[in-house]
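The following exercises concern a single protein chain. Please work through each task with the structure open before turning to its solution.

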Amino acid sequence: MVAPLSAWPWEHLGIFKYILYGPLAAKAWYSWMYEDNILKDLWCIHILLICTLRGFIHQLWSSYNNMFFLTRNRWIKQQGVDFKQIDDEWDWDNFIILQAMLASMACLIFPSLNTLPLWNLKGFIASLLLHVTISEPLYYWAHRFFHKPYLFNHYHSLHHSSPVPHPFTAGHATPLEHLVLCTVIGIPITGSILMGYGSTAMIYGHVLVFDFFRCLGHSNAEVVPHEVFNKLPLLRYFIYTPTYHSLHHTEMETNFCLFMPLFDALGSTLNTKSLELHKKITSDSGKNGRVPDFVFLAHVVDIMSAMHTPFALRSFASTPFCMRMFLLPFWPLTFVIMLVMWGWSKTFLVSFYNLRGRLHQTWVVPRFGFQYFLPFATKGINKHIEEAILRADRLGVKVISLAALNKNEALNGGGTLFVNKHPELKVRVVHGNTLTAAVILNEFSKDVKEVFLTGATSKLGRATALYLCRKRVRVLMLTSSTERFQKILKEAPVDCQNYLVQVTKYQAAQNCKTWIVGKWITPWEQSWAPSGTHFHQFVVPPILPIRRDCTYGDLAAM
């Protein structure tokens with residue numbers, strides 16, 4: 001039997017849980033449109049605005065944690081957040097909905113809350129004193145009780161199931177725990193109002209600062225310099241750090257406090273390793289971490305895909321790419337960021353994973369797909385790629401793989417430009433074309449007898465054509481270069497060469513229903529494909545899916 005208040009009542013609603021904000025939005029809209037006194041239901045707008053700001057604070061902390069190019073030397077736990085943890089924490093913001101409901105009930109029961117002044121300095125002082133004297137010790141003892149066997153097994157274990165601390169982990173808990181947190185956060189606010197010192201600014205400030213410090217404590221990157229505690233030794237009893245709270249997740253009988261380690265010291269639960277570990281992590285922040293064994297050097301595809309990076313939106317980065325129309329309003333901002341990257345950014349680390357004891361990292365050249373086709377941009381792109389290769393060589397990386405357009409034949413000869421220029425390189429510069437070709441070919445049905453191939457003389461096109469001709473599949477290779485076609489033809493077995501056919505126009509494929517697109521094609525060029533054609537792709541950016549009578553494959557991925 002499920003313990004009471006251990007599951008969220010709307011957990012099966014998925015994204016539709018946000019409809020629960022609907023009554024607040026509807027009441028605010030109705031008041032604005034049809035009632036004379038707009039201020040009467042202003043509390044609805046305040047609650048919605050506070051909820052939005054709380055989500056924004058968590059998102060900013062999440063973005064910072066996932067900016068590995070800034071934080072990698074200050075990681076507390078070296079392993080990354082895996083997909084299971086992302087899935088488990090998917091509904092981290094349930095507590096914001098819960099507290100919005102409780103706040104709405106309070107405003108309906110006590111209409112006087114809608115007439116609070118905008119500002120009262122005494123309210124800030126009162127809420128701070130109440131937080132220190134009541135909320136902090138209350139949370140400390142409640143937290144210790146949640147580590148008792150029954151409460152831990154039925155409630156608090158969910159929060160501790162996240163192996164790597166992350167700002168979203170702060171919200172990953174059961175309804176009962178968040179009801180306790182509602183009490184902890186509500187006492188200073190309620191007390192200040194009852195004293196006559198309440199204000200709108202105090203409520204905003206207290207709630208948002210509370211969330212800020214909760215996210216700080218669950219950050220996997222240390223942000224508090226150790227020198228602060230050297231200069232102000234007593235301060236370490238009044239403010240916790242990400243390192244301090246991370247110890248609670250590894251040694252669960254210590255470091256129970258909310259924000260103030262003073263209460264752990266008074267309760268004899270302060271972990272003696274806290275200060276030493278914090279000093280070690282911050283002291284090592286100037287040093288490079290573990291050297292990766294393998295580096296995948298990628299680039300940004302387009303503006304929409306840029307919004308799906310882990311430091312932009314972690315949840316979208318963990319799922320296959322698809323166009324999300326509600327992100328379109330952010331397109332202008334992302335475009336401005338692209339221009340900034342074009343002018344000032346350097347190659348940066350975007351993700352990593354460990355496989356069989358080896359560290360793999362993905363570095364990104366700060367260029368978008370379309371920029372690779374601008375003649376005046378090629379020199380700068382090659383400079384970025386060269387600097388990345390030399391940096392990998394200095395670090396002791398074993399292999400660096402050029403991805404997508406970074407290995408474009410016209411750009412740098414598939415990477416040979418750099419290998420020839422720096423013959424002393426110890427790092428192996430490779431590309432993954434044959435593996436990409438294998439992924440594409442794996443999608444083919446066995447009854448395919450003819451294919452139309454664009455980008456036919458590229459490294460990937462060559463590998464695909466040579467494989468298919470050996471399988472007795474006729475390949476219409478679109479290329480205007482007879483010399484390059486003949487070179488590939490000579491590589492094919494003699495008895496298979498007649499399966500490779502050079503074509504120079506798209507009209508040649510008007511009866512072929514299997515297209516392999518390795519070079520971007522326009523909607524007009526797509527029009528030559530017969531109805532029922534399937535477009536396999538290894539082109540960056542992907543082609544526009546305009547034909548309703550055809551199907552389009554995703555970019556090759558495993």
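**Exercise 1: A buried helix**

In this predicted model, the residues P242, T243, Y244, H245, S246, L247, H248 and H249 of helix 11 are buried.

Task: Establish why helix 11 (residues 242-250) is largely enclosed by the rest of the structure, and state what covers its buried residues.

Solution.
1. A residue counts as buried when its relative accessible area is under 20%.
2. Eight of the nine residues in helix 11 are buried, so this helix is largely enclosed by the rest of the structure.
3. The cover over these buried residues includes helix 6 (121-146), helix 7 (149-160), helix 9, helix 12 (262-266) and helix 13 (274-283).
4. For the protein chain of 558 residues, buried residues make up 47%.

**Exercise 2: The second largest pocket**

Task: Determine which elements give two or more residues to the lining of the second largest pocket, and which of them gives the most.

Solution.
1. The volume of the second largest pocket is about 1100 Å³.
2. Its lining consists of 37 residues, and those nearest its centre are A103, A106, L113, I189 and I203.
3. Two or more lining residues come from each of helix 2 (42-65), helix 5 (94-109), helix 8 (175-194) and helix 9 (200-217).
4. Helix 8 gives the most, with nine residues.
5. Sorted by class, the lining holds 27 nonpolar, nine polar and one charged residues.

**Exercise 3: The open sheet and its helices**

Task: Give the strand order of the open sheet formed by six strands, identify the strands at its edges, and describe how helix 21 and helix 22 are placed.

Solution.
1. The six strands follow the order 8-7-6-9-10-11, with parallel pairing.
2. Strand 8 (500-503) and strand 11 (551-555) each have a single partner strand, so one side of each has no neighbour in the sheet and they stand at the edges.
3. From one strand to the next, the twist averages 20°.
4. Strand 6 (residues 450-454) and strand 7 (residues 474-478) pair in the parallel sense over four bridges, and F452 stands opposite L476 in strand 7.
5. Helix 21 (residues 459-470) packs on the sheet, where it touches strand 6, strand 7, strand 8 and strand 9 (514-517). The direction of helix 21 makes about 155° with that of strand 7.
6. Helix 22 (residues 482-491) lies across strand 7 and strand 8, and runs at about 175° to strand 8.

Methods:
Residues numbered from 1 in each chain as written. Predicted model: local features only at pLDDT ≥ 70, side-chain atom pairs only at ≥ 80, totals over all residues. Heavy atoms only, no water. 1 Å grid on protein atoms, 1.4 Å probe; cavity = no way out; pocket = protein on both sides within 12 Å on 5 of 7 lines; lining within 4 Å. Points joined across faces, edges and corners; volume = space filled by probe spheres on them. Nonpolar A, V, L, I, M, F, W, Y, C, P; charged D, E, K, R; others polar. Pairing = 2+ DSSP bridges. Axes fitted to C-alpha atoms, helices over the stretch in contact; angles between N-to-C directions. Contact = heavy atoms within 4.5 Å. Buried < 20%, exposed > 50% of the residue type's maximum accessible area, 1.4 Å probe, protein only.
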